[in-house]
Every structure is written in C-alpha cells, then in structure tokens.
Amino acid sequence: MSDDPTHVRAFFGIRAADWDSRFPDDGPAYAEAVAALGLRPGDTVLDAGCGTGRALPPLRAAVGPGGTVLGADLTPEMLDQAVRAGRGGHGGPAALLLADVARLPLRDGALDAVFGAGLISHLADPAADLRELARVVRAGGRLALFHPIGRAALAARHGRRIAPDDLRAEPRLRSLLADAGWRLTEYVDEDARYLALAVREDRGRPGAGR
C-alpha cells in the first residue's frame, strides 16, 4: 500500500532509534543489491528513502572517492540515526538530504543511479514519484528497488497474504515503471530477497516541470 508523507514520518520516526537493531543481519543483502546496480567509479547515486543509511557504505565503496553518494529521507529521526552510525554528514560516506522523493532538490539528469530499499510501498503516489526519480536520472541510468526479503516472506512476517493488487508484482510493476520512463530489466522475488532493476529510457524527461 502507499502512504502519505505524514503517516510515513510518524511510522518511522518512533521506530528510528532501534531500527538497525531490529534487522541486524541485513548487511550482506544490501551489499549484494548494491552490487547488482552496476555502479562505476565516479558515479553519482541517490539512496531514495535511505532511512538509517544501511546502503550508504556499500554505495560509497562502489562509486569510490571520485563519486557522489546522496541519501534522502523525509523522516528527520532516521537521518539522525544515520549520522550517529557514521553513515552521513561530516566524515560519513554520504551527504544527507531531508527531502521527499516526490519533489527532489536535484536538477534533471543529475544522477547515474537510484537505490530504493523498501521504498515503493511507502510512496504516496507511486506513478508520479517514479516519474520524479526518472527526472533526476540521466538516460541509460539505473534504478534498483530492493527489500531484504521477498513479498511472500514479508507478508507472512506481518501475518498477511500478498494482496491481489500488490504493485510490487512483476506485471504491475513493469507497467508502472514503463509509464514513468523506466524499462524493467531484472526481477527477483524470492524468500531471501526482492530486487527489481530498471534502466532510464531515453524518451524525454518524465515529470519535468511538475
């Protein structure tokens, strides 16, 4: 399901302090997902909805000292935890932005790639927000939508079944991405991980001027 920004801030704000301790074993899964994104030294990459910044160190390692890593999140408490963990701010691997992915303070085509962990189910308007991500990525740039466990395992964790209209299902996600200017290139939905990779199509800048 999608959420409005106020609900997202409230949900994550009260959970920020112990967020990392709740999921202590996710590090290798994050590193593998970052590797799948195919970053190159010198690239500029955004972790959209970065939370406490668990993806930021492997992103920095991938782009090297000549690259740029940004982390954006709309929950101040999550960004505070990222700084406390040494993942952002002065001396950290990334510059942190208090920002909503629906309206990013970035110019058109500024990025080579976007990484989004657990992002899509918390977007208020997935279609518009994926267009905004396309706006800030150059043609041929890449997008990774990731979760450390698959849809079925995540639903079971919360005592639910996968909803019939789950927008993370491959057919629906493929269409959603295509309408936003992305081409889905790889889709994995296993108990151990969920990963969808897409490439920014060269057909104008979706969402420009919004």
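**A salt-bridge network, aromatic pairs and two cores**

R151, D166, R168 and D189 are joined in a network of salt bridges. The model in which this network appears is a predicted one, and the structure as a whole holds 11 salt bridges. The idea behind such links is simple enough: side chains of opposite charge can pair when their charged atoms come close. In the network, D166 bridges to R151, with 3.0 Å between the closest N and O atoms. D166 sits in the loop between α7 (151-157) and α8 (170-180), while R151 belongs to helix α7, so this pair ties together parts that are 15 residues apart in sequence. D166 also meets R168 in a salt bridge, this time at 3.1 Å from N to O. Charged residues might be pictured out on the surface, but here the numbers say otherwise. D166 has a relative accessible area of 9%, so it counts as buried, given that the cut-off is under 20%. R151 is buried too, at 16%, and R168 is buried at 18%.

Another salt bridge turns up between R135 and D108, whose closest N and O atoms are 2.7 Å apart. This one links distant parts of the chain: R135 is in helix α6 (residues 126-135), D108 is in the loop between β3 (95-98) and β4, and the two are 27 residues apart. The partners are not equally hidden. R135 is buried, with 9% relative accessibility, whereas D108, at 35%, is partly exposed.

Next comes strand β4 (residues 111-117), which is where D112 is found. D112 is buried, with a relative accessible area of 14%. Its side chain reaches over to the backbone nitrogen of T44, at 2.8 Å. Leaving aside residues up to four places away in sequence, D112 touches D43, T44, V137, R138, G141 and R142.

On to the rings. A pair of aromatic rings is described by the distance of the centres and the angle of the planes. A search of the whole structure finds 4 aromatic pairs. One of them is Y30 with F115, a tilted pair with 6.4 Å from centre to centre and 45 degrees between the planes. Y30 lies in helix α3 (residues 27-36) and F115 in strand β4, so the pair ties together parts that are 85 residues apart in sequence. Y30 is buried at 7% relative accessible area, and F115 is buried at 0% relative accessibility. F115 also pairs with F146, again in a tilted arrangement, with centres 5.8 Å apart and planes at 35 degrees. Here strand β4, home of F115, is linked to strand β5 (residues 137-147), home of F146, across 31 residues. Both F115 and F146 are buried. Put together, Y30, F115 and F146 make up one aromatic cluster.

What about the nonpolar side chains? The largest nonpolar core has 30 residues, and those touching the most other members are L46, L130, L133, L143 and W182. Plenty of elements chip in: β1, β2 (68-73), β4, α6, β5, α8, β6 (182-190) and β7 (193-200) each supply at least two residues. The top contributor is α8, with 4 residues. L133 gives a feel for how the chain comes together: its contacts, not counting residues up to four places away in sequence, are L46, A48, V101, L104, V114, L119, L143 and W182. There is also a second, separate core of 20 residues, and among its members are A29, Y30, F146 and L197. Y30 and F146 have come up before, as members of the aromatic cluster.

Finally, a word on confidence in the prediction. The mean pLDDT of the chain is 89, and 92% of its residues reach 70 or more. Among the elements, strand β1 (residues 44-48) has the highest mean pLDDT, at 98, and helix α2 (residues 19-22) the lowest, at 70. Over residues 205-210 the pLDDT is below 50, although this stretch has 23 contacts in the model beyond near neighbours in sequence.

Terms used
Residues are numbered from 1 along each chain as its sequence is written. This is a predicted model: local features need pLDDT of at least 70, side-chain atom pairs count only at pLDDT 80 or more; totals for chains, interfaces and linings use all residues. Side-chain values use heavy atoms; hydrogens and water are left out. Buried means under 20% relative accessible area, exposed over 50%, partly exposed in between (1.4 Å probe, protein chains only). A polar contact is a pair of N or O atoms within 3.5 Å; within protein, one must be able to donate a hydrogen and the other to accept it, and residues adjacent in sequence count only if both atoms are side-chain atoms. Contact means heavy atoms within 4.5 Å. pLDDT is the predictor's confidence in each residue, from 0 to 100. A salt bridge is a side-chain nitrogen of Lys or Arg within 4 Å of a carboxyl oxygen of Asp or Glu. Rings of Phe, Tyr and Trp (its six-membered ring) pair if their centres lie within 6.5 Å; planes under 30 degrees apart count as stacked, over 60 as edge-to-face and the rest as tilted. A nonpolar core is a set of buried Ala, Val, Leu, Ile, Met, Phe, Trp, Tyr and Cys residues joined through side-chain atoms within 4.5 Å.
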